[in-house]
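Got your viewer open and a selection box ready? Here is a short walk through one model, stop by stop.

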Amino acid sequence: MTDMIIEQARKEGRTMLTEIEAKQLLKNAGINAVETRLATSKEQAIATAKELGFPVVMKIASVDVVHKSDAGGVKLGLKTSAAVGKAYDEIMKSITAAFPDAKIDGVSVQKMAKQGIEVIIGMSKDAQFGPVLMFGLGGVLVEILKDVSFRIVPLVKRDAREMIREIKGFPLLQGYRGSEPVDVENLENMVLKVSEFIEKTPEVKELDLNPIFAYKDGAVAVDARVILEAK
Ligand code: ADP
Ligand code: MG
């Protein structure tokens, strides 16, 4: 399955996987991601939303649109068929205005995950060290503060434990001002699974799970970006 997805991208001369392909790779690797399906028309988007159950999230599906929400390509909390239809039109309007030449596959329709604490797991390849995993808290504050930690792949359990605990924002994961602590052990396992996946899949050049929603029980990736090595 993973091989087929990579092969398909290669065949199309792409190094960028779609969000749907990226989430499928995660699923195959045992990493929890929100259920996400492609719809190629407004009617199909509505039908898919009904199948998944409201509320849903809809996003532009185009490998030419990397930062989907910046371009008006993400609509959250759609509760009815009418809302899905309207969001479909709005997404297409914004994207065609911002990226007139983008090749658009359609939209992805996905379950609206309940809000959790946003964390990110990333992987990039260092010229000297090879694949390196990054862990951090998600959201704007962290983009500014760059509160992240790094470990070289492959990670062992202890690396995963340490890299999560060494970010400055770790207390946020332990619960603060009455908010519940998140399941840190589950995040450790997720980090380890990403490490295993990267070890087994050298074709992956970059990976970005941003954000992952962390809960008191479990965690789920709601956005995923995978870039393959050019070959
Ligand atoms: P971008 O390409 O802009 O990074 P994302 O897919 O990350 O787009 O979506 C933007 C934001 O919308 C996310 O940071 C997250 O807060 C929220 N979001 C995305 N997908 C979901 C989902 N399935 N359920 C709930 N919230 C979501
Ligand atoms: Mg994102």
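Start by selecting D208, which is partly exposed, with a relative accessible area of 21%. Keep in mind as you click around that this is a predicted model. Now add R225, also partly exposed, with a relative accessible area of 23%. These two form a salt bridge, and the closest N and O atoms are 3.4 Å apart. D208 sits in strand β8 (residues 204–214) and R225 in strand β10 (residues 224–228), so this pair ties together parts that are 17 residues apart in sequence.

Stay on strand β8 for a moment and pick P211, which lies in that strand. What kind of peptide bond joins N210 and P211? Turn on the backbone sticks and you'll find a cis one, with omega at about 5°. For context, most residues other than glycine have a negative phi, and most peptide bonds are trans.

There's another cis bond to visit, so jump to F54 and P55: the peptide bond between them is cis, with omega at about -5°. P55 is in the loop that runs between α3 (42–52) and β2 (56–61).

While you're looking at backbone geometry, select K146. Its phi is near 50°, a positive value in a residue other than glycine. You'll find K146 in the loop between α5 (140–145) and β7 (148–152). Is K146 buried or exposed? K146 counts as exposed, with a relative accessible area of 60%.

Next, some charges. Side chains of opposite charge can pair when their charged atoms come close. How many salt bridges does a search of the whole structure find? The search turns up 17. Select R14 and E21 for one of them: the closest N and O atoms are 2.9 Å apart. Both ends are out of the way here, since R14 counts as buried at 13% relative accessibility, and E21 counts as buried at 14%.

For contrast, pick E35 and R37. They also form a salt bridge, with the closest N and O atoms 2.9 Å apart. This time E35 counts as partly exposed, at 36% relative accessibility, and R37 counts as partly exposed too, at 28%.

Then select R151, R158, E162 and E166 together: salt bridges link these four in a network.

One more charged side chain deserves a click. Show K114 with Y215, and look down on the ring: K114 lies over its face, at 3.8 Å from the ring centre. If you were hoping for aromatic pairs, the structure holds 0 of them.

Last stop: the second largest pocket. Rolling a probe the size of a water molecule over the atoms shows where empty space is left. In this pocket the space comes to about 420 Å³. Which residues lie nearest its centre? Select T18, I20, E21, Q24 and T36, out of a lining of 22 residues. E21 should look familiar, as the salt-bridge partner of R14.

Colour by secondary structure and you'll see that α2 (19–28) and β1 (36–39) each supply at least two residues of the lining. The largest share, 5 residues, comes from α2. Switch to colouring by residue type and the lining divides into 9 nonpolar, 4 polar and 9 charged residues.

Technical notes:
Residues numbered from 1 in each chain as written. Chains lettered and ligands numbered in written order. Predicted model: local features only at pLDDT ≥ 70, side-chain atom pairs only at ≥ 80, totals over all residues. Heavy atoms only, no water. 1 Å grid on protein atoms, 1.4 Å probe; cavity = no way out; pocket = protein on both sides within 12 Å on 5 of 7 lines; lining within 4 Å. Points joined across faces, edges and corners; volume = space filled by probe spheres on them. Helix = DSSP H or I, 4+ residues; strand = E, 2+ residues; numbered from the N terminus. Nonpolar A, V, L, I, M, F, W, Y, C, P; charged D, E, K, R; others polar. Phe/Tyr/Trp six-rings, centres within 6.5 Å; stacked < 30°, edge-to-face > 60°. Lys NZ or Arg CZ within 6 Å of the ring centre and 35° of its normal. Salt bridge = Lys/Arg side-chain N within 4 Å of Asp/Glu carboxyl O. Buried < 20%, exposed > 50% of the residue type's maximum accessible area, 1.4 Å probe, protein only.
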